[in-house]
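Biologist: Hello! Could you walk me through this one as if I had never seen it before?

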Amino acid sequence: MMKKMENASTVWLSLFTLSLLFSPISSSRSLGKTTVFDVSASSRLAKHALTQNPQSLEQQTQTTAAVASGEVYSVSLHSRTSLRKHTHKTYDSLTLSRLARDSARVSFINSKLDFQLSNLTRSDLKPVQTDIRPEDLQSPVTSGISQGSGEYFARLGVGTPAKQYYMVLDTGSDINWIQCQPCEDCYQQSDPIFNPTDSNSYSKLSCTSTQCSALQVSTCSRAGDSCLYQVSYGDGSYTVGNFATETVSFGRSGSVPHVAIGCGHDNEGLFVGAAGLLGLGAGELSLPSQVKATSFSYCLPDRDSASSSTIDFNSAMPADSVTSPLLRNPKVDTFFYVGMTGLSVGGELLSLPPSIFEINESGRGGVIADSGTAVTRLPSQAYTSLRDSFKQGTQHLPLSTGFALFDTCYDLSSMTRISVPTVAFHFAGGKTLQLPAKNYLIPVEAGGKYCLAFAPTAGSLTIIGNVQQQGTRVSYDIANSKVGFSAGKC
C-alpha cells in the first residue's frame, strides 16, 4: 500500500513538473510563485554550442521552407551559432563575445532613437568619406557605435532566377540591402555575392522615385540617372551603393516583385557571414511595408541549438497568443512598440509607476521587442525592483560573482533541477506573459555559472531582448494593432 502511494506521489510530482516546464504563458489566470528550471538540460545545450557543426543548414532550409497558402509567405530562420562555426574554445568566451555585440546593439538603438528625436533635417547631415563618390553622400550624425553583428538570419531568395542568401533579421531597421558585385569593398559572407547582371528583374531606381525620396540619406549618381543610398553607423561601418528594385522570393511559398533594396558595392565591417539585412521595422521601406503584409511573425530558436524556425508574413496569429496593443510613436517611425504595463516576480506585481513603460510627450520611453538585442534592458528603477525580488526568492541558491553586465549570478554546478521565482510581463487589458525559467536564468560559463538575464539602462526605453523571446512566436498584427506571444509555435 505504501509503495502504491509513493508511486502515485512520484507520478503526480512528474506531471506537476511537466506542467510548469511546458506552460509558460498565462492570459489572465493567477500566476504561480515558482517554476522549475532544468539545469542539466541547459548545461548540455551550452556544451553542445561549442561543438556543433553547421554543415547541414542547406538541408534544413529546404525542409523548413513553407508551401504557399494564399498570400502567406514563409522562410526559414536560423541562429548565428547554427550558421557560423565560431572559434571560441570556452563557453565564457562565447558569452563575452555575445554580450559585446549586445552592448553595441543597444547603443546603436539608443543612438538611432536620439537622432530621430533630434529634429535634424537632411541639410543638417554631414558627409562621410567612402570610396564611392564621397562628395555625393551624407550620413546622420550618430555616436561611434557599431550596430553589432546579427544574431538571427533568414534564408531569402533575391533576383530572377532566384538565388538564396542568408540575411540578418532586424526589427530595428527599415532599409533592406545586400552586398553586390562589382565590389569596391565587400566583407566575407557565406554565400556568393549577388551579381545584379545575372538577374532579369533587377532595376535601378531613379533619383525622383518615391523610394529614393523616402531614404534618410540619398543622392544621385554622377550621371544623374540613378539613386544612390548610404546607411552609416558612425564608426566607419556603412553600406553604400545603388538603390534598386528586385524580386524577393520566400522559399517555396511565393515571391514579390519590385521590392526596393540597397545593392551595396562598398560595405564595411557590419554583418560578417550574412549577405545583407532584412529590415522588419515600421517604416515605409521595411520589408513588411513593401510586401503589404497585414501581419508578420517569427519564432527565435534557442541560440545554443542547431534548430531552425520560420518567419511568416500574412499568417494568422496563434489562437492561444497572449496579446498586447501594438503602439506607434508619432516621433519615431522605425519601431513597433508593445503596450506593456508592469512586471511580476514570484507571482507578485512589482511596485512601479505606470509611466515607466509609457511613451512620453517627447517621444522617449516605451517598450520595443528587438530581434538583435540579446538581454532585456529595463529602466534602472524597474531593473532594481526585479533583481531584488528575484534575489529574495532565491536565497536557497549559492551565489556567485557577477559576470560582465550581469550582477546577479549563481553557482549551479552541483544541481540538476531547481525551483526559481516566476518572472512575467504584464500587458494592457490584464494579459500576462510568464517566461520559461531558461529565458531569464542563462549559463555564462560551462562550469555551471548562471546569471539573471536582465540588465539596467540609464535611458527610458525598455527593450525586450531575444533571450526572453526564444521559443515563443512573436506576432505583429499590423492591421489590427496587436502584438501576440505564443509559446512553442516554432
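**A sheet and its salt bridges**

Modeller: Let's start with an open sheet of four strands, which are antiparallel in their pairing and follow the order 20-21-26-25. Strands (E, at least two residues) and helices (H or I, at least four) are DSSP runs numbered from the N terminus, and two strands pair if DSSP finds at least two bridges between them. This is a predicted model in which local features need pLDDT of at least 70 and side-chain atom pairs count only at pLDDT 80 or more, while totals for chains, interfaces and linings use all residues. Residues are numbered from 1 along each chain as its sequence is written, and side-chain values use heavy atoms, leaving out hydrogens and water.

Biologist: Which strands are the edge strands of that sheet?

Modeller: An edge strand here pairs on one side only. That description fits strand 20 (399-400) and strand 25 (441-443).

Biologist: Which residue stands opposite Leu399?

Modeller: Strand 20 runs antiparallel to strand 21 (residues 409-411), and two bridges join them. In strand 21, the residue opposite Leu399 is Tyr410.

Biologist: How many salt bridges does the count come to?

Modeller: Side chains of opposite charge can pair when their charged atoms come close. The rule asks for a side-chain nitrogen of Lys or Arg within 4 Å of a carboxyl oxygen of Asp or Glu. By this rule, the count is twelve.

Biologist: How many residues apart in sequence are the parts that Asp170 and Arg105 tie together?

Modeller: These two form a salt bridge, with their closest N and O atoms 2.5 Å apart. Asp170 belongs to strand 4 (residues 163-170) and Arg105 to helix 5 (residues 91-116), so the pair ties together parts whose separation in sequence is 65 residues.

Biologist: Is Asp170 buried or exposed?

Modeller: Buried means under 20% relative accessible area, exposed means over 50%, and partly exposed lies in between (1.4 Å probe, protein chains only). Its partner Arg105 has 4% relative accessibility and counts as buried. Asp170 has 1%, so this residue counts as buried.

Biologist: What is the relative accessible area of Asp320?

Modeller: Asp320 forms a salt bridge with Lys489, and their closest N and O atoms are 2.8 Å apart. Lys489 is partly exposed, at 33%. Asp320 is also partly exposed, and its relative accessible area is 44%.

Biologist: Which residues are joined into one network?

Modeller: Here the salt bridges share partners. The network they make consists of Arg105, Asp170 and Asp370.
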